[in-house]
Amino acid sequence: YITPEITGKFPGYLSPSMGLKFEDIPNGLAAVSKIPALGWVQMVAYAGYCELSGPTTRAANTSDYSDITPGDYGFKVLTS
């Protein structure tokens, strides 16, 4: 909430076809009603894509880690 107050907002247009600039969007919950519906659709679609595409890293393969104790990251304890 406070970041746009301190750092400022992006220059340019949020929606050029509607003539809506980034600086016209208020902070906080008041912004919910000002963002165009297609903007919300775009954000939800991207979040859905990120969720449904799934991780493609080695960490996603849990069979590689079946013999490791949870919380054991392989660090040596430095005690005297």
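Where does Met18 lie? In this model, which is a predicted one, Met18 sits in the loop between S1 and S2, and I would like to start from that loop and work outwards through the rest of the protein.

Let me first give the overall layout. The secondary structure comes to 2 helices and 2 strands, and if you read along the sequence you meet them in the pattern α-β-β-α. Buried residues make up 9% of the 80 residues in the protein. The accessible surface comes to about 7,200 Å², and 62% of that surface belongs to carbon and sulfur atoms. As for contacts, if we take those with a separation of 6 or more, residues 24 or more positions apart account for 6% of them.

Now back to the loop. Met18 counts as exposed, because its relative accessibility is 55% and the cut-off for that class is over 50%. Met18 and Pro36 are 18 residues apart in sequence, while their C-alpha atoms are 8.8 Å apart in space. Pro36 also comes up when we turn to Ser15, a residue of strand S1: leaving aside residues up to four places away in sequence, Ser15 touches Leu20 and Pro36. Is Ser15 buried or exposed? Ser15 counts as buried, since its relative accessibility is 10%, and buried means under 20%.

Strand S1 also holds Tyr13, which counts as partly exposed because its relative accessibility is 45%. Again not counting residues up to four places away in sequence, Tyr13 touches Gly19, Leu20, Lys21 and Phe22, so please note that Leu20 is listed among the contacts of Tyr13 and also among those of Ser15. From Tyr13 to Glu23 there are 10 residues in sequence, and the distance in space is 8.5 Å, C-alpha to C-alpha.

Phe22, one of the residues that Tyr13 touches, brings me to the aromatic side chains. How many aromatic pairs does a search of the whole structure find? The search finds 1 aromatic pair. That pair is Phe10 with Phe22, and it is edge-to-face because the ring centres are 5.5 Å apart and the planes stand at 70°, where over 60 degrees is what counts as edge-to-face. Phe10 lies in the loop between helix H1 (3-7) and strand S1 (13-15), and Phe22 in the loop between S2 and H2, so the pair ties together parts that are 12 residues apart in sequence. With regard to solvent, Phe10 is exposed, with a relative accessible area of 63%, whereas Phe22 is partly exposed, at 26%.

The loop between strand S2 (20-21) and H2 also contains Asn27, which is buried, with a relative accessible area of 16%. The side chain of Asn27 is joined to that of Lys9 by a polar contact of 3.5 Å.

Finally, I turn to helix H2, which covers residues 37-53 and includes Trp40. Trp40 is partly exposed, with a relative accessible area of 33%, and together with Leu29, Val32 and Met43 it makes a nonpolar surface patch of about 410 Å². Why can Trp40 be part of such a patch? Patch residues need over 30% relative accessible area, and Trp40, at 33%, meets that requirement.

Technical notes
Residues are numbered from 1 along each chain as its sequence is written. Side-chain values use heavy atoms; hydrogens and water are left out. Patches are made of residues with over 30% relative accessible area and no salt bridge: like charges are joined within 9 Å, nonpolar side chains (Val, Leu, Ile, Met, Phe, Trp, Tyr) within 5 Å. Accessible areas come from the Shrake-Rupley method with a 1.4 Å probe; for residues, only the protein chains shown count as cover. A salt bridge is a side-chain nitrogen of Lys or Arg within 4 Å of a carboxyl oxygen of Asp or Glu. Helices (H or I, at least four residues) and strands (E, at least two) are DSSP runs, numbered from the N terminus. Buried means under 20% relative accessible area, exposed over 50%, partly exposed in between (1.4 Å probe, protein chains only). A polar contact is a pair of N or O atoms within 3.5 Å; within protein, one must be able to donate a hydrogen and the other to accept it, and residues adjacent in sequence count only if both atoms are side-chain atoms. Contact means heavy atoms within 4.5 Å. Rings of Phe, Tyr and Trp (its six-membered ring) pair if their centres lie within 6.5 Å; planes under 30 degrees apart count as stacked, over 60 as edge-to-face and the rest as tilted.
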